[in-house]
Amino acid sequence: MAKPAATRPAHFSISLSGNDDPGMFGRMFPSLPPLAVDDAALQELADAMRDANPDDAAGNNTKVPSGFTYLGQFVDHDITLDLTSFGDKEADPNAVENFRTPALDLDNVYGLGPDGSRQLYARNPGDADGKNPGPKLLIGKNINVALGGITGEHRNDLPRSPEGFALIGDHRNDENLLVAQTHLAMLKFHNKVCDLLVSQGKPLNTIFTEARQIVTWHYQWMVLHDFVERITEKGIVAKILEQGRRFYRFKKTPFMPVEFSAAAYRLGHSMVREVYSHNRIFTPGGVAPASLQLLFSFTGLSGGIIGELAPNPPTAPTPVSALPSNWIIDWRRFHEVLGSNPAGVPLNPSRRLDPFVVPALHTLPGGGGSLPFRNLKRGVLLGLPSGQDIAKAMKIKNPLTAAEIAKGPDGAVAKKHGLHEQTPLWYYILKEAEQRGNGEKLGPVGATLVAEVFVGLVHGDHQSYLWLKGKSWKPTLPSKTPGDFTMADLLRFVGDISPIDNISTV
């Protein structure tokens with residue numbers, strides 16, 4: 001049952017004043033009471049959040065291609081790393097430390113740079129003895145297997161140790177193949193920018209630093225304007241930049257709000273599909289659809305990529321030494337890199353933003369249990385307020401009513417336990433997206449929390465484009481719309497649209 005400021009830059013309009021800087025993690029609404037709910041009620045609500053028809057097209061969100069589900073997960077790994085166990089959270093809910101810098105700075109890609117994280121970088125071809133890392137990031141080789149008949153030399157895997165561990169700045173990006181391929185796209189993006197700078201005659205000793213800034217600034221723009229505004233509303237970033245952040249406030253140093261990390265930004269779990277069309281081999285109607293189980297299997301962290309420990313040649317689909325070339329992604333199926341895809345090349349939509357989560361996430365691999373239950377339980381352990389208390393504190397003009405929350409079979413379970421009147425924040429945000437955003441975007445509470453935090457994380461980073469150049473800066477790399485930059489623009493710039501189909505540009 002539920003129981004109940006620093007001086008701003010002259011060019012910028014947002015003050016950093018507000019809450020005291022709490023450290024890595026903190027609260028946007030520190031004075032609101034926590035919502036306590038017993039495990040039995042949480043479990044029943046979590047079970048009611050199962051998507052009963054995960055293959056039904058009516059549950060698709062065609063406004064958001066499914067590549068954004070995993071770009072969102074990549075971004076999450078860029079800004080948060082919580083290694084605190086559930087037991088430690090229960091003993092001391094405030095003992096949560098973010099080991100990842102709370103900034104959109106791509107430290108999950110760059111690590112400590114060529115000097116501090118040499119294992120992430122290719123050797124410098126300009127050195128006579130080749131003993132020093134250069135400006136480019138390492139890219140891993142694929143192996144060829146019989147299935148699919150893919151031949152040739154392909155470099156479309158993460159770099160790996162001899163035993164298959166991904167040599168990347170955040171090991172979690174090798175837990176799902178779609179996140180891994182997104183990380184790989186970022187590695188290639190950096191390398192392509194390095195090539196561009198070399199072609200422009202830039203001094204070799206400046207290539208890495210300049211490339212990192214260009215890549216990071218375009219990534220920050222893309223997250224704010226392509227990702228955040230897809231799941232909230234067009235223009236919300238400019239509105240916040242003009243009017244200021246009302247709820248996510250700090251004096252000097254950004255922190256990771258638990259209302260965001262443990263509730264609002266867990267919206268992506270609702271967007272996950274049960275199966276995908278990954279490429280022409282692994283697609284519905286092909287050899288097999290790309291199920292979540294397979295996408296976990298062809299990784300080093302969750303699956304069977306184990307380097308030289310694998311049989312050579314492979315005797316089964318897994319274990320394997322590296323990613324087989326028949327699992328290289330076809331980006332046309334995940335982002336809008338074409339005006340429209342040709343027949344036989346479907347664009348995977350994400351699932352609707354609503355309280356329903358595909359069955360595979362209710363039984364996580366490795367005995368991980370139910371993800372919805374874990375999310376709801378985490379909110380209780382961290383002392384999150386109810387969605388209603390947050391909406392009231394934000395002075396939302398039209399908050400969800402108890403009757404709206406009680407709608408549907410999931411809502412009936414919430415009502416049974418009184419959770420339609422005092423609602424766990426994660427569930428409230430998903431229900432708000434269903435009721436107010438038509439399942440296509442977040443409602444007012446979720447959209448404001450997500451957008452304000454992302455704008456604040458970029459603004460509070462003193463190396464970001466917002467801090468150094470201000471809100472008038474525009475992307476400079478080639479793009480479909482000059483002055484804009486999207487994930488599709490990034491993929492077109494990299495020129496790796498579908499390697500197994502010999503499609504590099506569009």
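Buried means under 20% relative accessible area, exposed means over 50%, and partly exposed lies in between, with a 1.4 Å probe and protein chains only. We're working on a predicted model, where local features need pLDDT of at least 70, side-chain atom pairs count only at pLDDT 80 or more, and totals for chains, interfaces and linings use all residues. Residues are numbered from 1 along each chain as its sequence is written, and side-chain values use heavy atoms, with hydrogens and water left out.

**Exercise 1. Is Leu 106 buried or exposed, and what is the sign of its phi?**

Step 1: find the residue. Leu 106 sits in the loop between helix H3 (86-91) and helix H4 (107-110). Helices here are DSSP runs of H or I with at least four residues, strands are E runs of at least two, and both are numbered from the N terminus.

Step 2: check the backbone. Phi of Leu 106 is positive, about 60 degrees, although the residue is not a glycine.

Step 3: apply the cut-off. With a relative accessible area of 1%, Leu 106 is buried.

Now try Lys 395 the same way. Its phi is near 55 degrees, again a positive value in a residue other than glycine. Lys 395 belongs to the loop between helix H13 (387-393) and helix H14 (402-405), and at 70% relative accessibility it counts as exposed.

**Exercise 2. Which peptide bonds leading into Pro 313 and Pro 319 are cis or trans?**

Step 1: take Asn 312 to Pro 313. Omega is near 0 degrees, and the bond is cis.

Step 2: take Thr 318 to Pro 319. Omega is near 5 degrees, and this bond is cis too.

Step 3: place them. Pro 313 is in the loop between helix H11 (292-297) and strand E10 (349-351), and Pro 319 is in the loop between H11 and E10 as well.

**Exercise 3. At what angle do H8 and H17 cross, and how close do their axes come?**

Step 1: recall the descriptors. Two packed helices are described by the angle between their axes and the distance between the axes. The axes are lines fitted to C-alpha atoms, for helices over the stretch in contact, with angles from 0 to 180 degrees between N-to-C directions.

Step 2: read off the geometry. The axes of H8 (residues 236-243) and H17 (residues 444-459) come within 10 Å and cross at roughly 65 degrees. That makes H8 roughly perpendicular to H17 (under 35 degrees is roughly parallel, over 145 roughly antiparallel, 65 to 115 roughly perpendicular, the rest oblique).

Step 3: get the handedness. The H8 and H17 crossing is right-handed (the near helix is turned clockwise from the far one by less than a right angle; anticlockwise would be left-handed).

Step 4: list who touches whom. From H8 come Ile 236, Val 237, Ile 240 and Leu 241, and from H17 come Ala 447, Ala 451, Glu 452 and Val 455; contact means heavy atoms within 4.5 Å. By class, the H8 and H17 contact has 7 nonpolar, no polar and 1 charged residues (nonpolar: Ala, Val, Leu, Ile, Met, Phe, Trp, Tyr, Cys and Pro; charged: Asp, Glu, Lys and Arg; polar: the others, Gly among them).

**Exercise 4. What are the crossing angle and handedness of H6 and H19?**

Step 1: the axes of H6 and H19 come within 9 Å and cross at roughly 60 degrees. H6 and H19 are therefore oblique to each other.

Step 2: H6 passes H19 in a left-handed crossing.

Step 3: the class count for the H6 and H19 contact is 10 nonpolar, 1 polar and 2 charged residues.

**Exercise 5. How many salt bridges does the structure hold, and which parts does the pair Lys 416 and Glu 44 tie together?**

Step 1: count. There are 22 salt bridges (a side-chain nitrogen of Lys or Arg within 4 Å of a carboxyl oxygen of Asp or Glu).

Step 2: zoom in on the pair. Lys 416 and Glu 44 meet at 2.8 Å, N to O. Lys 416 lies in helix H15 (residues 408-416) and Glu 44 in helix H1 (residues 39-48), so the pair ties together parts that are 372 residues apart in sequence.

Step 3: check exposure. Lys 416 is exposed at 54%, while Glu 44 is partly exposed at 28%.

Step 4: compare with Asp 174 and Arg 160. Their closest N and O atoms are 2.8 Å apart. Asp 174 is buried at 2%, and Arg 160 is buried at 16%.
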